[in-house]
Amino acid sequence: MSSIGFIGLGTMGYPMALNLATKMPKVMLYVNDDILITIVPEGSHVRQVYLDEMNGVIAANLNNKILIDCSTIDTETSAHVAAEIRTQDQTASFYDAPISGGSLGAENATLTFMVGCSELDASWPTLDKLLGLMGTSIFACGAPTLGLTAKLSNNYCSALIALATAEAMNIGMKAGMDPRVLATIFSKSTAQSTICDKWCPVPGVVPTAPSSHGYKGGFKVQLMKKDFTLAMAAANLVEAKTYLGGVGLGVYSAAAEDPKCRDLDSRVVFRFIGGNEHWAESTHSSGQLSHYIIDDFTDPWKKSDVVLIQHGFGRTVHHWYHWVPALARRYVVIRRDLRGHGLSTCPKATDNYDYSLETILAEIIDMLDQLRIDKVHFLGESTSGMLGEALAVRFPHRLHSLVICSSPTHLPPPALEFFAFGHADWPTACRKLGSRGWAEVLSKEPGTGPTADLGYKAWWLREIAKSSGEGLAGYAEFLSRLDARPFLKGIKIPVLILAPNDSAVMTVEAMEDVARQIEGSILQVVRAQGHEIYVTGADECQEAVLEFWASLK
């Protein structure tokens, strides 16, 4: 394979081409090559790319060329293009090779390719090797257009399974079942499916699924409608009966036109049928919602302690993802979004929300009450350590212990000025810069950035950007007034203090002073970069926390 051309650098095509460029330096993104790969949205685009007399592939030298079309289109168009190519040059070969695996599969080179040829085809060894650079499962489906037949049949089935899963989960949830329990039952029973295991339509069941991120990413509902329509056309072409097809297509067609669903992942049909997306949220008397994620890999026949992790300012529940494997085998782990952060609601001016310590603490306790949890080990990071200190005094009967990580007791004027970044005040900076803009400025300050890993930093910023600037501004106003110093000497529960040695916000001396005021507390200095030692010093922090909790038993 001396050179490869690639046409179609969209959501799927770009990461596919990137994998080829990484693994085969001679990839060229134009047509005059030995092998051409195309992936475009519709059949009309395939016709234009290949059959345009002036600029199409057919106008080029086709001698011994291998042409691979990864688009998902109708079988009739594919057959027509193949016939036209063969008429133009008998030595050229055209293959339909649609893909499955979504954008994540394209990025991770784990796609499934369904190729319209036999394993006896002379080009099969080349196709298998080439496509294997972008995928892990390469299938020879037997003959031209059968790759598309396989893909359309797969998506027809996948769409119906997603809809059935959404409906079944909705039935169970309306009857009072925890969707995580129901999904686990499905995974061990005859209802098991990849859709439920990895792409569950219910938010919060599978943390990595698009549904858990506002249905962003994944496979757009309009594309599922398109593929479903093509599958129905293929069925009609061969006179195959489809009892469920008409109803299923009707649902996806309507969802594709619904403003609440359009442009979102196709599993948004759970929203379309009226499923409860907010089951993993507590609704408080204030009218606000608190979003949380529960991770529980403990032995189900044993009663395990519960850990409540409360992230610091600007961050979300997902910033603590790497702590779950370390903790959740021994403890039930709850990660909660702060007010105005992540998926927890942001109070509007018309809500008359009382942004006070009493309200914030009451919402935490209310969440525990709704979950029927009596006591937790509270882990508060950065400014959320102040919440933990207040809880330890106001609600000592609800805490087994307290861990504070890089936590100030208050934010003095220099700190507030630092966070304002030249604006009138900290809340104004959040409003004018927006959440992402504020975090970008913060990350450039010494002793604040999460890590030197550019990939992590990009993700860190994207995650912070999920909160609104107004959400952060409201919470910044609350923190600007908060002072936990009066609580310190009243704390009587076990306390572990994790102190950073390289923070722009906290000093070791300040944490030592906190330790002196909390009787019996344990201080551990974590030698790691920056303020967010739960990331940069994760192993040391986790080891210290687990040893601390184990000592309490």
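# A briefing on buried charges, sheets and a helix face

Let's begin inside the protein: arginine 267 and aspartate 265 are both buried. Their side chains meet in a salt bridge, with N and O 2.9 Å apart. Please keep in mind as you look around that this is a predicted model. Its average pLDDT is 93, and 97% of the residues score at least 70. The points below take you through confidence, salt bridges, sheets, one helix and two unusual backbone angles.

**How confident is the prediction?**

- pLDDT is the predictor's own confidence in each residue, on a scale from 0 to 100.
- Residues 27-32 are a stretch to treat with care, as pLDDT stays under 50 there.
- For that same stretch, the model has 17 contacts beyond four places in sequence.

**Salt bridges**

- Side chains of opposite charge can pair when their charged atoms come close.
- How many salt bridges are there? The count comes to 23.
- Glutamate 358 and arginine 394 form one of them, with their closest N and O atoms 3.5 Å apart. This pair links distant parts of the chain: glutamate 358 belongs to helix H13 (residues 357-370) and arginine 394 to helix H14 (residues 384-394), 36 residues apart.
- Glutamate 358 has a relative accessibility of 45%, so it counts as partly exposed. Arginine 394 has 38%, so it also counts as partly exposed.
- Arginine 398 and aspartate 369 also meet through their side chains, in a salt bridge of 2.9 Å from N to O. Arginine 398 sits in the loop between H14 and strand E13 (399-405), while aspartate 369 is in helix H13, so this salt bridge ties together parts that are 29 residues apart in sequence.
- Is arginine 398 buried or exposed? Its relative accessibility is 10%, so arginine 398 counts as buried, whereas aspartate 369, at 42%, counts as partly exposed.
- Salt bridges can also join up: Asp299, Lys302 and Arg329 are linked in a network of them.

**A sheet of 3 strands**

- Strands of a sheet pair through backbone hydrogen bonds, either parallel or antiparallel.
- One open sheet has 3 strands in the order E5-E6-E7, with mixed pairing. Its edge strands, each pairing on one side only, are strand E5 (99-100) and strand E7 (135-140).
- E5 and strand E6 (residues 111-115) run antiparallel and are joined by 2 bridges. If you look for serine 100, you will find that its bridge partner in E6 is threonine 112.
- Two helices lie across strands of this sheet. Helix H5 (residues 124-131) crosses E6 and E7, at about 155 degrees to E7. H6 lies across E5 and E6, at about 130 degrees to E6.

**A sheet of 8 strands**

- Another open sheet has 8 strands, also with mixed pairing, in the order E8-E9-E11-E10-E12-E13-E14-E15.
- Which strands are at its edges? They are strand E8 (281-283) and strand E15 (522-526), each of which pairs on one side only.
- On average, neighbouring strands of this sheet are turned by 20 degrees against each other, ignoring direction.
- Strand E10 (residues 306-310) pairs with strand E12 (residues 376-381) in the parallel sense, over 4 bridges. Leucine 308 has phenylalanine 378 as its bridge partner in E12.

**One buried face of a helix**

- An α-helix has 3.6 residues a turn, so residues three or four places apart point the same way.
- In helix H7 (residues 179-187), the residues Pro179, Leu182, Ala183 and Phe186 are buried. Seen down the axis of H7, the buried residues fall within an arc of 100 degrees, so they line one face of the helix.
- The cover over these buried residues of H7 includes helix H6 (146-174) and helix H8 (194-198).

**Two unusual backbone angles**

- Most residues other than glycine have a negative phi.
- Serine 406 has a positive phi, near 55 degrees, although it is not a glycine. You will find serine 406 in the loop between E13 and helix H15 (413-420). Its relative accessibility is 0%, so serine 406 counts as buried.
- Phenylalanine 421 also has a positive phi, near 50 degrees. Its place is the loop between H15 and helix H16 (426-443). With a relative accessible area of 18%, phenylalanine 421 is buried, because buried means under 20%.

Notes
Residues are numbered from 1 along each chain as its sequence is written. This is a predicted model: local features need pLDDT of at least 70, side-chain atom pairs count only at pLDDT 80 or more; totals for chains, interfaces and linings use all residues. Side-chain values use heavy atoms; hydrogens and water are left out. Buried means under 20% relative accessible area, exposed over 50%, partly exposed in between (1.4 Å probe, protein chains only). The arc is that of the directions from the helix axis to the C-beta atoms. Contact means heavy atoms within 4.5 Å. A salt bridge is a side-chain nitrogen of Lys or Arg within 4 Å of a carboxyl oxygen of Asp or Glu. Two strands pair if DSSP finds at least two bridges between them. Axes are lines fitted to C-alpha atoms, for helices over the stretch in contact, and angles run from 0 to 180 degrees between N-to-C directions.
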